[in-house]
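Here are my notes on this one, jotted down as I went through it. Have the viewer open while you read.

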Number of protein chains: 2
Amino acid sequence: MRIGELAVAVGVTTRAVRHYHQLGLLPEPERRANGYREYGLRHAVVLARIRRLTELGLGLAEVRDVLADEAGKDLVEVLTELDEDLARQEEAIRERRGRLRILLEAEGGLPVEGPVSPELAALFAGSAQLSDSPMAAKDREIMAFLETAMPDEAREQLVSSLGEALGNPEAVAQANETYALLDALAEAEPDDPRVAEAARALADCIPPGLFPEVGDLDHDDSVLRAFYADLAPAQAEAIRRTLRLLTEERR
Amino acid sequence: MRIGELAVAVGVTTRAVRHYHQLGLLPEPERRANGYREYGLRHAVVLARIRRLTELGLGLAEVRDVLADEAGKDLVEVLTELDEDLARQEEAIRERRGRLRILLEAEGGLPVEGPVSPELAALFAGSAQLSDSPMAAKDREIMAFLETAMPDEAREQLVSSLGEALGNPEAVAQANETYALLDALAEAEPDDPRVAEAARALADCIPPGLFPEVGDLDHDDSVLRAFYADLAPAQAEAIRRTLRLLTEERR
DNA sequence: GCTTGACCTTGCCGCAACGTCAACGTCTTC
DNA sequence: GAAGACGTTGACGTTGCGGCAAGGTCAAGC
């Protein structure tokens, strides 16, 4: 057989056959006078085994090991390992699909540009009562960011507290008022008297459970500095004071 | 923020961040005087979104599309498509694991070196009554090879017929006798009288349902030629005569 | 004898999403 | 002033081939 005949017989491409030669999976056959490879039945048998093994999901390196370790002893081991690996992959896919389904079901109108974690998306979609002021948008950005940055436990804490707050109309109204106060500081100076007012309002917005680790906050953290740099000076000052207020009150 | 601070904040590597820059997923920030990249909060937000999207399983090209098409309109489409893709992958894995399980359960003593398709493996494992003569081994090789080479319908036909035959002790005994006859031809000349005898025995071994397409067989097929080249001359002649016998009898 | 088309040869680039050097500059700290 | 932890660009490695380039070979038809 020439390489093309072998390839169609086994159902692979000639490119694959040459690839297996390169990797040493399939021995190079004799050559004809013109340089063509001349295959025999043994090659077809080996090639068919390679194909079956790769179809099971083995990598070519593992296939080589199996073919080398003559007896099928090692094979069981490899296959068991492969099965475990496939089980892990299956689980991972199932989980991703679960998260996808949450996102797609809450798809009605996500109030944040771009997707958030499925959990947050469900929350935001559930209560679209929040205003769409600049500060509110920024807050949602921050939440979305924090949500990926925080450790798992704190994350769940955050999501559940947020769910509670969003389920409470009074809390939502209070938040919207606070957004308005902060928005008003966009052009103000840092020593504007409204800064203190806004800080007070914001601190009152945040229930004790929502941000328990405020005391441990590193005020020189690089992310925090970048956050301040992204706000108007008076707004940044208001946030700084809010954090101080919270730190004192939580002690 | 510098690149390392950004990376730990979002939970990716600096290498990934630079990779996203290269692909245009994340805009390059300003540089400090020393050439260091200086990131702001906007970058962290975008990077966090990239991470969430890739964790869902989107490719970076798709992430770019989603980020570019400002509104979340296109997103739903992409996610739906992704979900379908994941469903396909999940199915593929489940099927592979199913075949793996058959192989592993029949793992007792596979009489063929290396794994065969799960179905054949189960068959061979189920009835280990077949002799281990050289010709029997070659036959199993051939079956294993054919099994990958044949179209699906013929394949199932083959497996079921084979299952029947292996379940029948008389048929197994007859096959073993025929193997012996063929083995005896290893050193014989093609005009040995035993050739005809072996051909007759082999033809009688093959039930009508097992090889229905024998009439369509291309006797100059490259695989067939390779098969003959792999046998002793008298053995090859016996097979040739068997095929002729079968072709005539089936007409 | 010529062309045409189908086959074969080797070799190298490309993919996805980065990991991992290499070789070097910069900043902080003891 | 030297170490150690950062940053910079650049380039190669991973997996399993696909696809192309730039030819050589062979059988068939004119």
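**Notes on the model**

1. Starting with the DNA: 18 residues lie around DNA strand D, and those that come nearest are Arg15(A), Ala16(A), Asn34(A), Gly59(A) and Gly4(B). Keep in mind that this is a predicted model. As for elements, two or more residues each come to the surface near DNA strand D from α2 and α4 (60-68) of chain A, and likewise from α1 (3-10) and α2 of chain B. Sorted by class, that surface has 5 nonpolar, 8 polar and 5 charged residues.

2. Now the other strand. DNA strand C has 18 residues around it, with Gly4(A), Ala16(B), Asn34(B), Gly59(B) and Leu60(B) coming nearest. Here chain A gives two or more residues from each of α1 and α2 (14-23), while chain B does so from α2 (14-23) and α4 (60-68). The class split for the surface near DNA strand C reads 5 nonpolar, 8 polar and 5 charged.

3. How do the two protein chains relate? A turn of 180° with a shift of 0.0 Å along the axis lays chain A on chain B, at an RMSD of 0.1 Å. The two copies are therefore related as by a two-fold rotation axis. If you want a landmark for that axis, take Glu90(A): in chain A its C-alpha is the nearest one, 3.1 Å away. Both copies use the same surface, since 100% of the contact residues of chain A recur in chain B.

4. On to the contact between the chains, which takes 53 residues from chain A and 53 residues from chain B. On the side of chain A that touches chain B, the elements giving two or more residues are α1 (3-10), α3 (41-56), α5 (73-105), α7 (134-149) and α11 (222-229) of chain A. Which of them gives the largest share? That would be α5(A), with 17 residues. By class, this side of chain A divides into 28 nonpolar, 10 polar and 15 charged residues.

5. One helix pair to look at inside chain B: the axes of α7 (residues 134-149) and α9 (residues 169-183) come within 8 Å and cross at roughly 110°. So α7(B) and α9(B) are roughly perpendicular to each other. Where they meet, α7(B) brings Pro134(B), Met135(B) and Ala136(B), and α9(B) brings Tyr179(B), Leu182(B) and Asp183(B). That contact counts 5 nonpolar, no polar and 1 charged residues.

6. Finally, confidence. Chain A has a mean pLDDT of 86, with 92% of its residues reaching 70 or more. Within chain A, the lowest confidence is in helix α6 (residues 118-126), at a mean of 74, and the highest is in strand β2 (residues 37-38), at 97.

Conventions: Residues numbered from 1 in each chain as written. Chains lettered and ligands numbered in written order. Predicted model: local features only at pLDDT ≥ 70, side-chain atom pairs only at ≥ 80, totals over all residues. Least-squares fit on C-alpha atoms with pLDDT ≥ 70 in both. Contact = placed C-beta atoms within 7 Å. Helix = DSSP H or I, 4+ residues; strand = E, 2+ residues; numbered from the N terminus. Nonpolar A, V, L, I, M, F, W, Y, C, P; charged D, E, K, R; others polar. Axes fitted to C-alpha atoms, helices over the stretch in contact; angles between N-to-C directions. Parallel < 35°, antiparallel > 145°, perpendicular 65-115°, else oblique. Near = placed C-beta within 6 Å. pLDDT = per-residue confidence, 0-100.
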